Structures are given as structure tokens and as C-alpha cells.
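Biologist: I would like a close look at one part of this protein. Please pick out a helix and its covering, then work outward to the rest of the chain.

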Amino acid sequence: MTVYGSMNEQEALPYYKMFEDATGIKVTYVRASDTALFSKILIEHRARQRTWDLVVTTPVNRLPDEVLLQFEPNEAQNVIPQARGPNKRWYGVYANYNTPAYNTNLVKKEQLPKTYEEFLERKEWVGRVAIDKSDTEWLAGIFEYYGEARARKLLGDINTTLKPVLTDGHLALARSVGAGEYMVALNNYTSLTINVKLAGGPTDYWALDPVALIFGSIGVNAQAPHPKAALLAANFVLSREAQTFLTTKGRLPTRPDVATNPPGVIEILHQKKISPQIFAADEQKKWNTVFNDILRPR
């Protein structure tokens, strides 16, 4: 059985080894970025190449319906409602809450802005703030929370004042903040900040309104070469055992019965306005245009 995914091998290989040990089904893991995976999947779908069985990445809901099998694993009932695709073609395996992050050696906790407006007062951070260039869900959450006119002005002012660097890859950004290359991430996935922190990096997150939420999700190939194995694996990755393992890497579960590592992270995040952002590929293109228009280097 072949799994396409964006998790790094240090995380993914022991994760799928658990499934292999439990079932005897051999897993071949193919890692790439979300963009590369989606391009590969669409090309193979058009060519009717039955190459892969399962995809686990962020976010699977952008793939066309005809690419993904409609299914409902038993374990799906145990994840939060927002993590269940309404068309039953994807399910959230881990939660990507969007929050700023900082290097704890370079920035004191009392210096952290309490709102996005307060970023404008941190002129000493100019050129030392970064954000991943694909953070369109975060952008959509900002627009939803502030309204379009106010959001455009706020983010435009932040871009002019702080000149945030656009980076490629959320994990790379989390590691760069931990290494001190950047003082602050204007936004990143909270779980990846925690991942670097658990590995000993001097970094942490803090939550501001709004907290955009998307999911690392799972989908099954409608033309899967091993459909029964794929369905079995899909049920496994939603299980309590599998999600508990992911918390050892800082991932945040979509199951309420799995505790976060460190404890209480989701409770802290939910003190803020949570803004789920699930949209299709066409809407993603629109937000890409808006993102580049506002946050392009000046």
C-alpha cells in the first residue's frame, strides 16, 4: 500500500510502522510538499495511473471530488465535527491551529503583542518577522474577523512597517524561528512550533484573535490499487492510538479523548476566536492572489 504525505520521515515512518505491525500490511511512504503532492495526484488521476492508495496532508479537501473515494470509517465518529468532511471524502487527522510564534531567547514574553494591531508598535522587529507564503487560511480568518477593509489596511500596514519575510514551508519556518534566524513568525501552525520546542528549541507560540483552524487530513484514492488496505489504514490514522502517537511530535489531535503534549494547548487556543477555514481549490486561488497583493515584498 502506498501513502502520499507531507509529514517528515522521522515522524511518518514510525507512525506507519505501527500500522504495519498491527496488520502485516507493508506501507510505502512517499513524502513531498502539499503543492507537489497535489500536482502529482492530479496528473496521475488524469492518466488513470493507480499509483497511490492514501493521502495524508494539508488540506485534502482541495482535491476534486472525483479523485477521492466517499467513505466513512468507524473511528470518524470520534473526531470533532469540524474534522469530518461534509461529503465524506476527507477526515481531519491532526489540527493545524494558526498562531504567531517567537524565539524565547530573542523576545521576552512581556513584549508579545496582545493583538495584531500591536505588531505595528514593534518596529525593532523589522526584517526579523516571517510568514509562510501559503498562509491563505490564516489570511481568510483575518478577513472574517476584521472585515475586508480593516483587514487589508492592517495587514498592509504590518507589511510596510515590519517587512515580513515570505518563507516556503511551515516546518522550516518553525525551525528558523527556533534557530534565531527570525525573531517572530507572524503566523505558523502551533503544532510545528511545539514540535521544535519539544526538541529543545527556544521557541513558543502565543494566541491572538482570530485563530484560524485547518486540518491535516486523510483521503482515499477513488482508484486505489489496494482499496481494502487503504480503508483499514484510514480508520487506523483516526484511532486514539495513532493520534496519541502524533502528540509525541507536538501534533494537536482531532479527537477530544486524546490529550495534547504539553497538556492544555487546545484549551488555551479556544480562549480565542476559532475560525475554521475549509475551502476548495478555486477559493484557494483567490486567497493566494489577495495574499500576494497585500504581503508581497516592498
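Modeller: What follows starts with one helix and then moves to its surroundings, other sites and the whole chain. Keep in mind that this is a predicted model.

Take helix α8, which runs over residues 240–247. Which of its residues are buried? They are A242, Q243, F245, L246 and T247. Several elements cover these buried residues. Among them are two helices, α1 (9–23) and α7 (227–237). Strands β4 (91–103) and β10 (252–253) contribute to the cover too. Helix α6 is also part of it.

Stay with α6 for a moment. This helix spans residues 190–198, and L192 sits in it. Is L192 buried or exposed? Its relative accessibility is 9%, and the cut-off for buried is under 20%, so L192 counts as buried. Leaving aside residues up to four places away in sequence, L192 touches H170, L171, A174 and R251. K109 makes a useful distance marker. K109 and L192 are 83 residues apart along the chain. Their C-alpha atoms are separated by 19 Å.

Now follow β10, another part of the α8 cover. The loop between β10 and α9 (265–269) holds P262. The peptide bond that joins N261 to P262 is cis. Its omega is about 5°.

The model has a cis bond at T58 and P59 as well. There, omega is near -25°. P59 lies in the loop between β3 (54–57) and β4, and β4 is one of the elements over the buried residues of α8. K88 is found in the loop between β3 and β4 too. K88 is not a glycine, yet its phi is positive, at about 60°. How accessible is K88? Its value is 35%, which makes it partly exposed.

On the other side of β3 in sequence is the loop that runs between α2 and β3. R48 lies in this loop. R48 also has a positive phi, about 55°, without being a glycine. With a relative accessibility of 65%, R48 is exposed; the cut-off for that class is over 50%.

Helix α2 itself covers residues 34–46. E44 belongs to this helix. Is this glutamate buried or exposed? The relative accessible area of E44 is 6%, so E44 is buried. Its side chain makes a polar contact of 2.9 Å with the side chain of K40. Setting aside residues up to four places away in sequence, E44 touches Y4, Q49, T51 and W52.

Finally, step back to the whole chain. It contains 10 helices and 11 strands. Of its 298 residues, 55% count as buried. Does the overall size fit or contradict a compact globule? A compact globule of 298 residues would have a radius of gyration near 19 Å, and the chain has 19 Å, so the two agree. The C-alpha trace spans about 55 × 35 × 30 Å along its principal axes.

Contacts tell the next part. Among contacts with a separation of 6 or more, 76% are between residues 24 or more positions apart. The accessible surface comes to about 12900 Å². Carbon and sulfur atoms account for 51% of that surface. As for charge, the chain has 35 positive and 32 negative charges. Their mean positions are 1 Å apart.

Notes
Residues are numbered from 1 along each chain as its sequence is written. This is a predicted model: local features need pLDDT of at least 70, side-chain atom pairs count only at pLDDT 80 or more; totals for chains, interfaces and linings use all residues. Side-chain values use heavy atoms; hydrogens and water are left out. Helices (H or I, at least four residues) and strands (E, at least two) are DSSP runs, numbered from the N terminus. The radius of gyration is taken over C-alpha atoms; the globule rule is 2.2 Å times the number of residues to the power 0.38. Buried means under 20% relative accessible area, exposed over 50%, partly exposed in between (1.4 Å probe, protein chains only). Contact means heavy atoms within 4.5 Å. Accessible areas come from the Shrake-Rupley method with a 1.4 Å probe; for residues, only the protein chains shown count as cover. Lys and Arg count as positive and Asp and Glu as negative; His and the chain ends are not counted. The place of a charge is taken as NZ of Lys, CZ of Arg, CG of Asp or CD of Glu. A polar contact is a pair of N or O atoms within 3.5 Å; within protein, one must be able to donate a hydrogen and the other to accept it, and residues adjacent in sequence count only if both atoms are side-chain atoms.
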